[in-house]
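Please open the model in your viewer and keep the sequence panel beside it. The tour below goes from selection to selection and says what is to be found at each stop.

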Amino acid sequence: MAGSYATGKKKFSIYILLTYLVLILFILVTITPIIWGLITSLKGTGEINRFPPTIFPEKLDLSNFYKVIFLSNFTTYFKNSCLVTFLCILASTIIAGHAAYAISRFNIKFKEQMMFGILMTSMVPAVALLIPLYIMGVKAGIYNTGFMLVLVYTSWRTPMLTWILKGFFDSVPIAIEEAAMIDGCTRLRTFYTIVIPMSQPGIVSSALLTAVYVWNDFLVSFTFVTKEELRTVSVGLYSYITQYGVQWGELLSAVMITIIPIIILFVLLQRKFVDGMAAGAVKG
Amino acid sequence: MKRFVIAMISLALVFSMTACGNTASTEESGGTSANKTSSGSDVKGSDLTLWIFLNPESKDDPRNIVLKDIVDSYNANNTMGSKVKVESIHYSKFEAQAIQAAAAGTGPDIVNVYTDMLKQHIAGGTIQPMTKYAEEFIPTIEGYTYTADSLKINNEIYTLPWESRTFVFWYRSDIFKDVPKSLGELSSLAGAQSTALAQGFVIGLSDGSNSASFMESFIPFIRSAGGAIFDDSGKAVFNSDEGVQVLNYMKSLIDSKAMDKTTLSLGVDEVVDAFKAGTILSCNAGTQRAATIRGSELNDKIKSAPMLGFKDNEPSPAVVAGQSLGIGKFCKNTDAAFDFIKTFYTKDNQVKWLKANVLPAVKSAYDDAEIKAMSNYEELVSWNEYASKGKVEFYPADYSELSVKLVQAAQNVLFNGKDAKTELDTVANWYNDKNQK
Amino acid sequence: MNGVIKLNKKRNEEKILSVIFLAPAIILILCMTVLPIIYAVNTSLHATEYAQIKEFIGLKYYREILGSVKGWSAIFNSISYVLMSLLLVIPIGTICAVLLNQKIAGRTFIRTLVIIPWVLSQTVTALLWKWLLNSNYGPVSYIYYSLTGQKIDFFNTPLAAKFTVVLANVWNSFPIVLILILAALQSISADVYEAAQVDGATRLQTFFKITLPLLKPIILTTVVLQSMEYFNMVTLVYTLTSGGPFNATQTMSVLAFKEGFEYWHLGYGSASSIIILVLNMLFSIFYMKTLRKKD
């Protein structure tokens, strides 16, 4: 636990107490809207709109969850989102990883300019790119395919990931690689067998960043895919915001379901994630 | 040097990629056009795509089920051998998606268009006229609400409405013993009923979602006062005395405390939600929202009536709008597309829509025995009666922009002490200048 | 002799590898971002009718935007939105990170709960807050009413709406700041703190004299990443307020979206987007300069 400075004997000092108090305050603020959403999703249709609102559902009503899971195509959307997210993580990490390594290690001219150029491309507002990309997609015959989604997400995430990963590779001591190469290892082998395993946390953290982005994106998914069988969850959520009114119960049930996978992913990876960001971002 | 080499290689790859892309697309279009020419001999059908805001794969809304039913039975029974595939497009982004597709030279074969947005679709190049088909077909629909002439835009028919909705006054019968006689009476009655938490009568003035809540009241009110939004040549004339009267009426709602400042953030969805919660005691809203409104726990105390007008016992002229079907600009097999469109207007299918709380466009649907047995039959008939006095109107292509400007004018009049005439003049002049060029 | 060949071989290998390693990323970026940007710049210089590009009109849209109250107030709203959000997000993220960096029981659990808002999309964030804060049926409004006898107002004055939007944004995005700073904190060696403790520094002294200076680079990185994010943000603001009331929350990106996709003034919308890009670049260059100076 490097860096934790609440060491020593003063275990129940006033500081710790204060820490807990402040953290509890933080938690209250972060989870209240979500808890309120969860409560709403467990209410029956009539009770949802009751005013003054009931704090606990009078009768636990799971019909909203039932409708979302069994009466809509949500399971398909869910599968699509998982697949697209997985492929994007894979593609963007591989592509950005190689690029970042090359910029970090190889003797390339105009490195600085290149890095700034890369950063610049991630500054463009997405709304400006939609119509050009749409037209390109239709011309290339890849509109309305999952491939198009993966392509757009991957290329939009690549600049940011290259930036983060470059910072990370910069912080991996170069001496180990040099030693390996003196031993007769090729550059390629060094990268795959030494640098990548050592950079695992950085890779995990960038993967998680991509996951959250892709999982939540509405704009790209809505624009480039109209087929029901290719729809993703973020677009699926919109089907509860109808022209007849917002169906709060079903919408919020669907929201609760969609945040579960990302939370699980985060819990599983958070240790590595935090470490990864440490090495990567500090130098970036 | 290296950078230059890299750049060259990348550029080469870009070009080869786009080249590949082009061949791929020509191949594809070649394939489909072959399919289409063979179908030219008017018996063959095609694979057709329908873009609509409903989603037949979702079974949680009766309207979706009806659509699935209609599409499935058409696919199974049509004599042309067509197959219709539905792609559901979110209603709030429908126009954007269709116009974008049209710009790329693609789009669905059959498009569902909300009549308010029809001119935007035409201007955006998403649909093609189907006058010939429609003129032949309309007389054969038993009890169709619309005449061919009423649907013409520049002498062409683009879509046929299959649904009609109108905008009515919803009120709480426990608060208002009788329907107020006029808007003036409503203002004072509603004002008296307002409390710190509840507002008596609210028109939402948020500029979100095309300021629908405001426009749904502004248009019938201005007509009730004897004015209009546009004259016959399409010039904006809402800066008339009647327009001023309407804005001043809305201002009087603030003065009488019938509504408060929170209206600034209320769109039509929020107004309906608050009405269901009982914190808004009456409002104007479309009949298509009936099922949602009736989901409230206060349902027993909720009634509807024709939208009130300025004169006693004389409702505002009904505003009618609806969902309609047209043929996509890039549809090759228009025969097949229209053949599918026709199924929406059979009495059987119209009855199905009515059962799912969608007001039909065919009057004979109300004669159906099962419909007559419905518990809300009387209300349905009353809406139909009210709607039949109005007519569907097609708003200009730049209606979205105009309505946001109008609601902002209203906001300024109600809350910033601006003069109604000046504000309306500004908007009208902006609009007329823009469209004169 | 052998060594020179080896070195040459190594250089050649590196040349080839650098091309292979960089090519996919560069091709992707060129095709999917740079090409569309060129297209968007081109659009912004032409008259448009729906999605069709008509005659060349030069910088007319830029002059229109930069010569109007609407344009400047959108730029002002964007900058104030970004600055207000950063002013809250950075201290909150830092405080939270410092607290979570202590060895306390239940640290992982607390961390997860605090970070949850980050996994929600902007749409969901906006809807949740709207549902919670609505003055006519939200629970917060009711609680406030029971205490004061009045309705609370989160959306209906320009100032209140600005703060509400910033609040929702801070709620949604402070966890990423927290993670970045927490990560940086964990990489600071414990020796530094032990030395400080030996010297008898108080906690506050330690924080301001040791921790904060060490965090400066990561804070600056976060600032640039987040300001980019905030400048480009459409969905959250649009869903919460649609830019109202009285255009108080109409940022440049909301304007670009509305003009482009609702009113179909694509040229004007594209020009607005390019202005956002320029704003972003100015901010980033400023950031790079600051960072280099400190190094």
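## Chain B on its own

In chain B, 75% of the contacts with a separation of 6 or more are between residues 24 or more positions apart. The model is a predicted one, and it is best to keep that in mind at each stop. With chain B selected and shown as a cartoon, you should find 16 helices and 13 strands. Chain B has 437 residues, of which 51% count as buried.

For a closer look within chain B, select residues 183-193, which form helix α6, and show the side chains of B:Leu183, B:Leu186, B:Ser187, B:Leu189 and B:Ala190, the buried residues of this helix. An α-helix has 3.6 residues a turn, so residues three or four places apart point the same way. Next, add residues 241-255 and 282-286 of chain B to the selection, since α8(B) and β9(B) are among the elements that cover the buried residues of α6(B).

## Chain A and its two domains

Now move to chain A and colour residues 1-71 and 73-283 separately, as these ranges are domain 1 and domain 2 of the chain. The C-alpha centres of the two domains of chain A are 29 Å apart. Where they touch, twelve residues of domain 1 of chain A are in contact with eleven residues of domain 2 of chain A. On the domain 1 side of this contact, select α1 (14-41), α2 (45-48) and α3 (63-71) of chain A, each of which gives two or more residues. The largest share on that side, five residues, comes from α3(A). Coloured by class, the domain 1 side shows five nonpolar, five polar and two charged residues.

Before leaving the chain, select residues 78-269 of chain A, a range that carries the UniProt annotation "domain: ABC transmembrane type-1" in an unreviewed entry. This span is 79% helix and 2% strand, and the C-alpha atoms at its ends lie 21 Å apart.

## From chain A to chain B

Show chains A and B together: 30 residues of chain A are in contact with 38 residues of chain B. The elements of chain A to highlight on its side of this contact are α2, α3, α6 and β2 (245-246), which give two or more residues each. Which element of chain A gives the most to the side that touches chain B? It is α6(A), with five residues. By class, the side of chain A that touches chain B is made up of 13 nonpolar, ten polar and seven charged residues.

## From chain A to chain C

Hide chain B and bring in chain C, where the contact takes 79 residues from chain A and 78 residues from chain C. On the side of chain A, the elements that supply at least two residues each include α1, α4 (74-105), α7 (146-171) and α13 (248-283). The class colouring of that side gives 58 nonpolar, 19 polar and two charged residues.

Within this contact, zoom in on α1(A) and on helix α5 of chain C, residues 122-133, whose axes come within 9 Å and cross at roughly 80°. Because of that angle, α1(A) is roughly perpendicular to α5(C). Show A:Pro33, A:Ile34, A:Trp36, A:Gly37 and A:Thr40 from α1(A) together with C:Leu128, C:Trp129, C:Trp131 and C:Leu132 from α5(C), for these residues make the contact. Seven of the residues in this contact are nonpolar and two are polar, with no charged residues.

## Chain C, the last stop

Finally, show chain C alone and colour domain 1 (2-44) and domain 2 (69-294), as given by the domain assignment. The centres of these two domains of chain C, taken over C-alpha atoms, are separated by 35 Å. Four residues of domain 1 of chain C and six residues of domain 2 of chain C take part in the contact. The domain 1 side divides into two nonpolar, two polar and no charged residues.

To finish, select helix α3 (residues 69-100) and helix α11 (residues 252-262) of chain C, whose axes come within 7 Å and cross at roughly 130°. With that crossing angle, α3(C) is oblique to α11(C). Here C:Ala74, C:Ile75 and C:Ser78 of α3(C) meet C:Met252, C:Ser253 and C:Leu255 of α11(C), and the contact consists of four nonpolar, two polar and no charged residues.

Notes. Residues are numbered from 1 along each chain as its sequence is written. Chains are lettered from A and ligands numbered from 1 in the order in which they are written. This is a predicted model: local features need pLDDT of at least 70, side-chain atom pairs count only at pLDDT 80 or more; totals for chains, interfaces and linings use all residues. Domain bounds come from an automatic or database domain assignment. Two residues are in contact if their C-beta atoms, placed from the backbone, lie within 7 Å. Helices (H or I, at least four residues) and strands (E, at least two) are DSSP runs, numbered from the N terminus. Ala, Val, Leu, Ile, Met, Phe, Trp, Tyr, Cys and Pro count as nonpolar, Asp, Glu, Lys and Arg as charged, and the others, Gly among them, as polar. A residue is buried if 20 or more other C-beta atoms lie within 10 Å of its own, exposed if 12 or fewer, and partly exposed in between; C-beta atoms are placed from the backbone. Axes are lines fitted to C-alpha atoms, for helices over the stretch in contact, and angles run from 0 to 180 degrees between N-to-C directions. Angles under 35 degrees count as roughly parallel, over 145 as roughly antiparallel, 65 to 115 as roughly perpendicular and the rest as oblique. UniProt positions are given in the numbering used here, feature names are shortened, and annotations may be inferred rather than shown by experiment.
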